[in-house]
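Please walk through this protein with the text beside the picture. The paragraphs below start from one side chain and work outwards.

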Amino acid sequence: MADLSGASGPGRLAGKSCVVTGAANGIGRAVAERFAREGASVVATDVDGDGLRRLAERLPQAVTTVVGDVSRDDDARRMIRAAVERHGRLDVLVANAGVIPLMEITEAGADDWDQVMAVDGRGMFLTCKYAVEAMSGTDGGAGGSGTGGAIVCVSSISGEAGQRGQAIYGPAKFVASGLTKHLAVEWADRGIRVNAVAPGTITTERVARLYDEPGGPEYLAAIEKRHPMGRLGIPSEVASAVLFLASDDASFVTGVVLPVDGGYLAQ
Ligand SMILES: NC(=O)c1ccc[n+]([C@@H]2O[C@H](COP(=O)([O-])OP(=O)(O)OC[C@H]3O[C@@H](n4cnc5c(N)ncnc54)[C@H](O)[C@@H]3O)[C@@H](O)[C@H]2O)c1
């Protein structure tokens, strides 16, 4: 098994204080594990307390956990404060938590729209807001260092182009891509870089559940063929791109939405 301890070398995020939302499963867990291996101190947050506990048991030196819902103002603030209180500052936020409904607009009601916008839209806004405040030292004396930082939002190919069955989910990912560009321009001169990744279809817990949902297997068979590389991605491939954008290797990169999609968006 891979060494996830972060003890084998200084790593590309050595000494960095990082928050990852939605870290109990899928892409977020892969990011938290990769960050730990690269020497980061990670505050892993999620609504799934059991999943967080399992992650922290595997990486006790590198990971602390906060159970909370990114769509709730107090919870989002608490996630960022946990990093500041524990490590004295926040260097990196990965705004990853999200829900992914698969439905056409005729099947959806107002509640479906509100739920995805609350988590994928408002949750991303809230966590970015409190991260920017900590990174810029405008957090009202809460302890942020004001020494800048890096934010990576997890958007999607559905946040860059239209897809069948994604009219409820995709617009929320356009929020992620849009927020990324606006915040990048607004905060560039104060040392905060803001980028996004736009994953293609990735084999996470959420995508595995699609096999049991109406229309899910057909959707997955069709979408796999639409990825020019002829396969779906895996979470660690997204984590590698997130690591690049979060690290000093990307020191002159801001406002970018980086596809991690086997060529999907190039078509
Ligand atoms: N899997 C894909 O194909 C794919 C493709 C493009 C983008 N994405 C994006 O990647 C991110 C992660 O997706 P995934 O496939 O890993 O999903 P997943 O369901 O496997 O993991 C998402 C995690 O977010 C958590 N979460 C959900 N609602 C939350 C809330 N309100 N507050 C805090 N945590 C919450 C879940 O408990 C879960 O642990 C999402 O933003 C998704 O839109 C996924």
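Arg 78 has a relative accessibility of 40%, so it counts as partly exposed. This is a predicted model, and the values that follow are computed from it. Arg 78 forms a salt bridge with Asp 75, and the closest N and O atoms of the two are 3.2 Å apart. The partner is less open to the outside: because its relative accessibility is 13%, under the 20% limit, Asp 75 counts as buried. Both residues belong to helix 3, and they are 3 residues apart, about one turn of the helix. An α-helix has 3.6 residues a turn, so residues three or four places apart point the same way.

Helix 3 runs over residues 73-87. How does its length compare with what its number of residues predicts? With 15 residues at 1.5 Å a residue, helix 3 should span 21 Å; its end C-alpha atoms are 22 Å apart, so the two values agree. Asp 75 has buried company in this helix: Ala 76, Met 79, Ile 80, Ala 82, Ala 83 and Val 84 are buried as well. The buried residues of helix 3 pack against four strands and one helix, namely strand 1 (17-21), strand 2 (41-46), strand 3 (63-67), strand 4 and helix 4. After helix 3 comes Gly 88, whose phi is positive, near 85°.

A little further along the chain is another salt bridge, this one between Arg 89 and Asp 91, with the closest N and O atoms 3.0 Å apart. Arg 89 has 26% relative accessibility and therefore counts as partly exposed. Asp 91 is buried, because its relative accessible area is 10%.

What lies behind the buried side of helix 3? In soluble globular proteins, nonpolar side chains tend to be buried together. In this model the largest nonpolar core has 35 residues, and Ile 80, Leu 90, Leu 93, Cys 128 and Ile 151 touch the most other members. Two or more residues come from each of helix 3, strand 4 (92-95), helix 4 (110-136), strand 5 (149-154), helix 5 (170-187) and strand 6 (192-199). Helix 4 gives the largest share of this core, 9 residues.

Ile 151 shows how such a residue is surrounded. Not counting residues up to four places away in sequence, Ile 151 touches Leu 93, Cys 128, Ala 131, Val 132, Met 135, Ile 192, Arg 193, Val 194 and Asn 195. Apart from this core lies another one, of 34 residues, with Ala 24, Ala 32, Leu 55 and Ala 62 among them.

Val 31 is a buried residue in helix 1 (residues 26-37). Its relative accessibility is 0%, so it counts as buried. Leaving out residues up to four places away in sequence, Val 31 touches Val 20, Val 94, Ala 239 and Val 242. Val 31 and Gly 178 are 147 residues apart along the chain, and their C-alpha atoms are separated by 22 Å.

Ile 223 can be read in the same manner. Ile 223 is found in helix 7 (residues 216-226) and is buried, because its relative accessible area is 5%. Setting aside neighbours within four places in sequence, Ile 223 is in contact with Gln 163, Thr 201, Leu 232 and Tyr 264. The C-alpha atoms of Ile 223 and Leu 102 are separated by 13 Å, with their positions 121 residues apart along the chain.

Is Arg 206 buried or exposed? Arg 206 is buried, since its relative accessible area is 14%. Arg 206 lies in helix 6 (residues 205-209). Beyond its neighbours up to four places away in sequence, Arg 206 touches Ile 100, Pro 101, Leu 102 and Glu 213.

Charged side chains remain. The structure holds 16 salt bridges. In one of them the side chains of Glu 237 and Arg 231 meet, at 2.7 Å from N to O. Glu 237 has 31% relative accessibility and Arg 231 has 38%, so both count as partly exposed. Salt bridges that share partners also join Asp 50, Arg 53 and Glu 57 into one network. Aromatic pairs number 0 in this structure. Arg 190 lies over the face of Trp 187, at 3.9 Å from the ring centre.

Technical notes. Residues are numbered from 1 along each chain as its sequence is written. This is a predicted model: local features need pLDDT of at least 70, side-chain atom pairs count only at pLDDT 80 or more; totals for chains, interfaces and linings use all residues. Side-chain values use heavy atoms; hydrogens and water are left out. A nonpolar core is a set of buried Ala, Val, Leu, Ile, Met, Phe, Trp, Tyr and Cys residues joined through side-chain atoms within 4.5 Å. Buried means under 20% relative accessible area, exposed over 50%, partly exposed in between (1.4 Å probe, protein chains only). Contact means heavy atoms within 4.5 Å. The expected span of a helix is 1.5 Å times one less than its number of residues. A salt bridge is a side-chain nitrogen of Lys or Arg within 4 Å of a carboxyl oxygen of Asp or Glu. Rings of Phe, Tyr and Trp (its six-membered ring) pair if their centres lie within 6.5 Å; planes under 30 degrees apart count as stacked, over 60 as edge-to-face and the rest as tilted. A charge sits over a ring if NZ of Lys or CZ of Arg is within 6 Å of the ring centre and within 35 degrees of the ring normal.
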